[in-house]
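Subject: Structure for you to look at

Dear colleague,

I am passing on the structure we spoke about, together with some notes on what turned up when I went through it. Please read them with the structure open beside you.

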Amino acid sequence: MGVRRKWRPSQIVLTAVGLLVSAVMTAPLVWTLFTSFKSEAEAVAVPVGWLPDEWTAQAWRSIFETGNITNWFVNSVVVSVCVTFVVVLTGALAGYGFARTEFRGKSALMGLVMAGLMISPAVLGVPLFTTVQSLGMVDTYWGMILPQCAPAAMVYILYKFFQGIPKELEEAAFCDGAGRWRIFFTIVLPLARPSLSAVGIFTFIGSWNNFLWPYMVTNNPELMTMPNGIATVMNSYGIQWAQLMAGGLMAGLPLIVVFVFFQRQIVAGVAHTGLAGQ
């Protein structure tokens, strides 16, 4: 049986700091959970208490009674999954094309992609809405999905990753008779799995949390996403803090699940894509 090593002072300090940071980060989530089980009167009572004096699920019942939570949840899933699929596919194709092919106007197109990194999405809201309206896609899934599928940052991330793949692997496949598409799908994409996972996870989170664009492009309650639907309920019935906390937990639950099950891919993706310092 091995001898148990004593903790060094540096390890104790780092562990204590880690526990402190974890407590600070999880405290708002725990507070939200406890508040969602309070009555509305207790949620705004002073002095504030962490635990409810009387546990009640009235806030949870109210958000299901006053809003179409099921539809909004399904809409968010449909929009986020479709946006993620399109962004990963187009980002991989565009990034690989920039990294491995030479064509006229490549520098100009790459400059256009880089310019997209410097433009805030809020600035493009009005012209995008005008375009979507002229195409008759207001109050449709396509109107919410397509404008979110221009991933300048994701193209650049994958472009830099594909540049780091040794060309000798592709040249050996060419010598064996493989074509460009076969190389892309059987060699390049499997090697890019960490970066593709990171791009997909970040895109899903961004699309799920997107409030402004779905709010602009749809007024149909049946097509609203979770952030928009919950905001509409709160605006219609006033600020009910317990209901607001319950709705926030409902909206954030899929993101918590994504992080719990894909935290290794997130960490590996950040390490591979160079986002650690951002």
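What follows is an account of the nonpolar cores, some individual residues in the helices and loops, and the cysteines.

Please keep in mind throughout that this is a predicted model.

I begin with the cores. The largest nonpolar core has 35 residues, and among these Phe-162 and Val-188 are the ones that touch the most other members. Helices H4 (69–100), H5 (106–117), H7 (141–145), H8, H10 (180–191), H11 (193–209) and H12 (212–217) each supply at least two residues of this core, and the largest share, 8 residues, comes from H8. Apart from this core lies another, of 19 residues, which includes Ala-43, Ala-242, Leu-255 and Val-258.

Helix H8 therefore deserves a closer look, given that the largest share of the core, 8 residues, comes from H8 and that a nonpolar core is built from buried residues. The helix covers residues 152–163, 12 residues in total, and spans 17 Å from its first C-alpha to its last, which is close to the 16 Å expected at 1.5 Å a residue. Its buried residues are Ala-152, Met-154, Val-155, Ile-157, Leu-158, Tyr-159, Phe-161 and Phe-162. Leaving aside neighbours within four places in sequence, Phe-162 is in contact with Ala-92, Gly-95, Tyr-96, Ala-99, Arg-100, Val-188 and Ala-192.

Two further residues, one in H11 and one in H4, add detail to this part of the model. Thr-203, in helix H11, is buried, with a relative accessible area of 9%, and its side chain reaches the backbone oxygen of Val-199 at 2.6 Å. Not counting residues up to four places away in sequence, Thr-203 touches Val-83, Thr-84, Val-87 and Met-154, the last of which is one of the buried residues of H8. Val-88, whose place is in helix H4, is partly exposed at a relative accessible area of 21%. Although Val-88 and Leu-196 are 108 residues apart along the chain, their C-alpha atoms are separated by 6.7 Å, and Val-88 is in contact with Leu-196, Val-199 and Gly-200 once neighbours within four places in sequence are left aside.

Turning to the 19-residue core, Ala-43 is one of its members and is found in helix H2 (residues 40–43). Ala-43 counts as buried because its relative accessibility is 16%, which is under the 20% limit. Not counting residues up to four places away in sequence, Ala-43 touches Thr-35, Lys-38, Trp-241 and Ala-242, and the C-alpha atoms of Ala-43 and Met-245 are 9.9 Å apart in space, with their positions 202 residues apart in sequence.

Next comes the stretch after H2. Thr-56 lies in the loop between H2 and H3, where a polar atom of its side chain is 3.2 Å from the backbone nitrogen of Gln-58. With residues up to four places away in sequence not counted, Thr-56 touches Ser-36, Phe-37, Lys-38, Ser-39 and Arg-61. In helix H3 (residues 58–66), Ala-59, Trp-60, Ser-62 and Ile-63 are buried, and they lie on the same side of H3 because they cover an arc of only 160 degrees around the axis.

One loop residue may be worth checking by eye. Asp-139, in the loop between helix H6 (125–134) and H7, has a positive phi of about 60 degrees although it is not a glycine. Most residues other than glycine have a negative phi. Asp-139 is partly exposed, with a relative accessible area of 30%.

Finally, how many disulfides does the model contain? The count comes to 0. Cys-82 is in no disulfide, because the nearest cysteine sulfur, that of Cys-149, is 8.4 Å away and a disulfide requires two sulfur atoms within 2.5 Å. Cys-82 counts as partly exposed at 31% relative accessibility, whereas Cys-175 is exposed, with a relative accessible area of 70%.

With best wishes

Technical notes. Residues numbered from 1 in each chain as written. Predicted model: local features only at pLDDT ≥ 70, side-chain atom pairs only at ≥ 80, totals over all residues. Heavy atoms only, no water. Helix = DSSP H or I, 4+ residues; strand = E, 2+ residues; numbered from the N terminus. Expected span 1.5 Å × (residues − 1). Buried < 20%, exposed > 50% of the residue type's maximum accessible area, 1.4 Å probe, protein only. Core = buried A, V, L, I, M, F, W, Y, C linked by side-chain atoms within 4.5 Å. Contact = heavy atoms within 4.5 Å. Arc of directions from axis to C-beta. Polar contact = N/O pair within 3.5 Å; in protein donor to acceptor, adjacent residues only side chain to side chain.
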